[in-house]
Amino acid sequence: AEVEETLKRIQAHKGVIATMVINAEGIPVRTTLDNSTTVQYAGLLHQLTVKARSTVRDIDPQNDLTFLRIRSKKHEIMIAPDKEYLLIVIQNPCE
Amino acid sequence: LQVFDDEGKDVTPHPLFHSDPKAVVPRQGKLLASSAHFGGTGSGTYGSSSTSISNTSTTESILDETVEPGSRRDTTVSLSDVQGRQEEIEELLTKDDLDRSVDIYLTETETIWILDMPSVAVSVESEDAGRIQERNRIYADICKNRPGNDRFVEKMMQTINGAAKNKEVQCDQIIMEDKGTTVTSWDLYNSFNVLKIKPTSKAEGSGATAGRSSKPHTTKEHDQTMSVSSDRGSTSSSTMISGSSVLARNHEEEEYHSEVILTSEKFQQDLFFMERILMENIFQPKLAAYRQFPVLIDPDVTSDTSRTVAAVKEAKEKEHGKEKKDKEEQKEAFIDPSILSDVNKILEEIVPPSLERLWSYACDLTNGHSVSSMAWSKVNPDLLAVGYGAFDFKEQKKGLACCWSLKNPMWPERIFQCEHGVTALDFSMASPSLLAVGMYNGSVAIYNVRSCNDAALLDSSESSNKHTGPVWQLRWVEQDRSATGDSKTERLICISADGRITEWLVHKRLDCTDLMKIKRTESKKKKLPDEKERKSEALISQQAAGMCFDFHPKDTNFYLAGTEEGHIHKCSCSSREQFLKTYRGHKGPVYKVAWNPFSTDMFLSCSADWSIILWHQDSQTPLLTFSSTTAVVHDIMWSPKSAFVFAAAKESRVEIWDLSVSILDPVISYFASPREKFTSVLFATNTDCLLVGDSNGEVGVFELQNLAALNSNKVQLTR
């Protein structure tokens, strides 16, 4: 459906290293990386997301985390968190 | 027995015991049992000679006494009986008895002992004295003999402890668990709100469990997840009733199906945002240039990109510098010593104006289609609608209309598939989400951009009046209705190859009325009366195909129409048949006419005869003719910022003309790659960029650099 198309487009973009969809238990639903790396990313990023969300909501409980971006030297990791899943895209923004 | 005193009052002592005359006389045995009671009511002497009297002795004494009360009881009973009998008898007393003498016996009742405290002291002279004295003496002797006497032994006794018996009991170890939780403010907020959410989630959960067969999920899985358990823990700590938490967990279990995740709307939205953010990352320098922001250089970026970025940055600075100068001066500012010195500060030489390609709106879907028209949204200057369709008859295929957003240059926001090639489109002003599309088969469709639905909102296919030729241009025009006051209404006007300019009414069905029929006009060549007349009669149709039109920017009653013959007619909305003026100059079909937005007496026209002509509306001969190459000019547009600048799309290149600089040559000439042909141009209103559509389906976004006089808007072109 449209979801598949959009996902494929995102994966096909230049600079995109990996795309992952992980459910709330940490099990990858869709991934373009190998399983061990995916699981590693999933675990670490999940913890970070929970911490980030906790921070945001501590400051104002009516607020909530919608997007998380981590810019590092080599890549940029973009996370769209939700109660049931995590959408993670790793991009190399330099051409 | 009755006793009367002196006054005759009855002072008969009432018996202390009133027994019911009908009652059965209690027997002696019963009396004994209830002796205590009787002792209370009757007379009772509790004889006691010493304080340590056991119960038995009291009963004995009472027994003694009870005999007396018993006897007395009998007497009282008998007394009451007598009384009763007496009462019975009294009734039978008559007057005669009053005269009888009655014997009255006064007797003394028995002594009623109320309290008897026997004395401890006895008189010496009583009979018992001797005995008591003897007893006292013996007691005194005993007391004397007591210490040291063998008969008195102090003995200590030890209580016997019973034999202790150990008994062991074994029980299960009571498992203690320490539990602590850190409460955060959002946790409190959640707990507070969960009471409201709980009833709905309960309903959902029950619905889900009822609908599907829940797969058994072991708790091990739950424990394995890293911090999800803490999440769940926090939610379960906030739910009061365990039942609801079980329901919620079941509900969550259903959601773990991956398909459910993938098809959820939230996921779609997240994907949408993610794509946009990706685009932003990829296109950030280009988008910044588009917006004319200083471009940030990523410190870790490789060297060549930094060079181009720096170059862009420098170009920006130059342009800014130039623009500032231009504001002070009205006319040409290109060769100005002050600017030269400014330029020299940054670079040694004057950089000629150029078009820098930023990016292009293209995707797989649009590959192969030729761009026929472009239009900006009236409300959102970053939203672009592009129509794809071929101009030639031979190349006709299904057309496409796409809405592109600045935020995502690689995939259009909306895709509308059309049956026929799209030849014209325009956004409405009054209702900004309406997009009108004109097609090659003459039909006009209106799409609602807000919905993702592919279907047209309105279609003109059922209209009886529709065009029979391709709709070459359409526009929403705001017009002052002079009759009904000065409220501006919007009309959709189209011109098509069947020679009619029509106005469409947007109601439930799309229907149109004719504004103008373009008649063929004869050329002004000298003709021989007989021959040419006959020739003119043998024309196929009376009407000339209209290719383009443009309404006057100030006075929307007038408009120009360009025809296939090469004539441009100035028409008025009020007259249906007559033209006000005809401008002849072109030798081929006029593809575009455009009024100068600043100097509203001038207009520009381009045609297939390789030329662009500048006209003044009062003169019927051309003012200026621009022809630089032997290529068909498909599209022209005046720059919205400057009165002198216009862009032209010739087949193999895009030209920017600046009339203040040169009227013979274009200022910028951008050559296309061999395979593509440029078909349309569009200036961006909020930035110095030009959009060029080509035959490959790409809309390239070019930034105008170093273009002088970009901000001048006052013009007085005198000839």
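This passage describes the contact between two chains in a predicted model, then two nonpolar cores and a buried histidine. Local features are limited to pLDDT of at least 70 and side-chain atom pairs to pLDDT 80 or more, while totals for chains, interfaces and linings use all residues. Residues are numbered from 1 along each chain as its sequence is written, chains are lettered from A in the order in which they are written, and side-chain values rest on heavy atoms, with hydrogens and water left out.

We can begin where the chains meet. About 3900 Å² is buried between chain B and chain A, with carbon and sulfur atoms giving 63% of that area; buried area here is the accessible area (1.4 Å probe) that two parts lose on being put together, summed over both. Chain B brings 35 residues to the contact and chain A brings 43, contact meaning heavy atoms within 4.5 Å. One salt bridge is found across this interface (a side-chain nitrogen of Lys or Arg within 4 Å of a carboxyl oxygen of Asp or Glu). It pairs the side chains of Arg9(A) and Glu275(B), at 2.9 Å from N to O. On the side of chain B that touches chain A, helices H6 (185-211), H8 (228-238), H10 (258-263) and H11 (265-290) each supply at least two residues (helices being DSSP runs of H or I, at least four residues, and strands runs of E, at least two). H11(B) gives the most, with 13 residues.

A closer look at chain A brings us to Ser54(A), which lies in helix H2 (residues 35-59). Its relative accessible area is 13%, so Ser54(A) counts as buried (under 20% relative accessible area, 1.4 Å probe, protein chains only). Beyond its neighbours within four places in sequence, Ser54(A) is in contact with Thr184(B) and Trp186(B).

Turning to the interior, the largest nonpolar core has 31 residues, and Leu604(B), Ile612(B), Leu614(B), Phe626(B), Phe646(B) and Leu690(B) touch the most other members. Such a core is a set of buried Ala, Val, Leu, Ile, Met, Phe, Trp, Tyr and Cys residues joined through side-chain atoms within 4.5 Å. Strand S23 (residues 645-650) of chain B gives the most to this core, with five residues. A separate core of 27 residues includes Trp359(B) and Leu691(B).

Finally, His369(B) sits in the loop between strands S1 (354-361) and S2 (371-376) of chain B. With 15% relative accessibility, His369(B) is buried. The side chain of His369(B) reaches the backbone oxygen of Lys398(B) at 3.1 Å.

How values were computed. Buried < 20%, exposed > 50% of the residue type's maximum accessible area, 1.4 Å probe, protein only. Polar contact = N/O pair within 3.5 Å; in protein donor to acceptor, adjacent residues only side chain to side chain.
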